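Q: I'm new to this one. Could you walk me through how to read it?

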Amino acid sequence: MIKFTNVSKTYGDNTHALRNLTLEIKDGEFVFIVGPNGAGKTTLTKLMLHEELPTSGKIEVNGYDVVNIKKRHIPHLRRTVGVVFQDFRLFEKMTVFDNIAFAMHVVGTPKRVIKKKVHTLLKLVELEGKGGSYPYMLSGGEQRRVALARALANNPDTIIADEPTSNSDKNSSEHLMRLLAKVQEHNKTVIVITHDLSAVKRLDKRVITLADGAVISDIPGGDNDEEN
Ligand SMILES: Nc1ncnc2c1ncn2[C@@H]1O[C@H](COP(=O)(O)OP(=O)(O)OP(=O)(O)O)[C@@H](O)[C@H]1O
Ligand SMILES: [Mg+2]
């Protein structure tokens, strides 16, 4: 579960990125977060990962008290959240296989297990046969799918995709949204930050709208599990 309670974040003296925001996202939900530039969307992500601290308020992510978390627990918290960054952040000198395997190596996963898992993930993101390619050999849409596979590698509870479809055409953005919906079916919480209102309309999911650091609307999806 992800829970923000009365969270404010002020950068410097007077940039109020979040203003007394309260928000709850249940396990297994698929949520769109929309809103204009500067509304506070990326700040939400940074707070969840303990990359930034709030000025006030309480933040709970997958059982961790993110504000008061002990330093040594931060890597554990971050392992529960897979992030697909807008600029992918792939390792250019590593193959697709190694990009996806990297996070598993870091935590000491046996080679045999890694091989199997990478294979499964490549299949999930429909990039079978691309394991030996380098990122520069892939289209932007394919690179994005590698970033999604990498984010899923350590089996996180939550996936956050920040602007996953910017600069992509209609087909590739529909493809990625379909994959994200598939990720939700694997019992993961999926948070998609986007300006792509056509994607939001197409998928009947919960939509949280932020403006000026506050939630201005929160509309439940027609297909959220809890409501069925
Ligand atoms: N590190 C920082 N230092 C100072 N101000 C910041 C910092 N990060 C964000 N801000 C400010 O906080 C506000 C919210 O920024 P944020 O990046 O969360 O917006 P956003 O909703 O993600 O916008 P966009 O749609 O453009 O990505 C903006 O006014 C921004 O200028
Ligand atoms: Mg942003």
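A: Sure, let's begin with residue classes: Ala, Val, Leu, Ile, Met, Phe, Trp, Tyr, Cys and Pro count as nonpolar, Asp, Glu, Lys and Arg as charged, and the others, Gly among them, as polar. Here, the shell around ligand 1 has three nonpolar residues, eight polar and one charged. This is a predicted model, where local features need pLDDT of at least 70 and side-chain atom pairs 80 or more, while totals for chains, interfaces and linings use all residues. Residues are numbered from 1 along each chain as its sequence is written, and chains are lettered from A and ligands numbered from 1 in the order written.

Q: Which residues surround ligand 1?
A: A residue is near a molecule if its C-beta atom, placed from the backbone, lies within 6 Å of it. Among those around ligand 1 are Tyr11, Asn37, Lys41 and Thr42.

Q: Where does the largest share of that shell come from?
A: Helices (H or I, at least four residues) and strands (E, at least two) are DSSP runs, numbered from the N terminus. Helix 1 gives the largest share, three residues; helix 1 spans 41-48, and strand 2 (15-25) also supplies at least two.

Q: Is Lys58 buried, partly exposed or exposed, and why?
A: Buried means 20 or more other C-beta atoms within 10 Å of a residue's own, exposed 12 or fewer, and partly exposed in between, with C-beta atoms placed from the backbone. Lys58 counts as partly exposed because it has 15 such neighbours. Lys58 sits in strand 4 (residues 56-61). Across the protein chain, 36% of the 228 residues count as buried.
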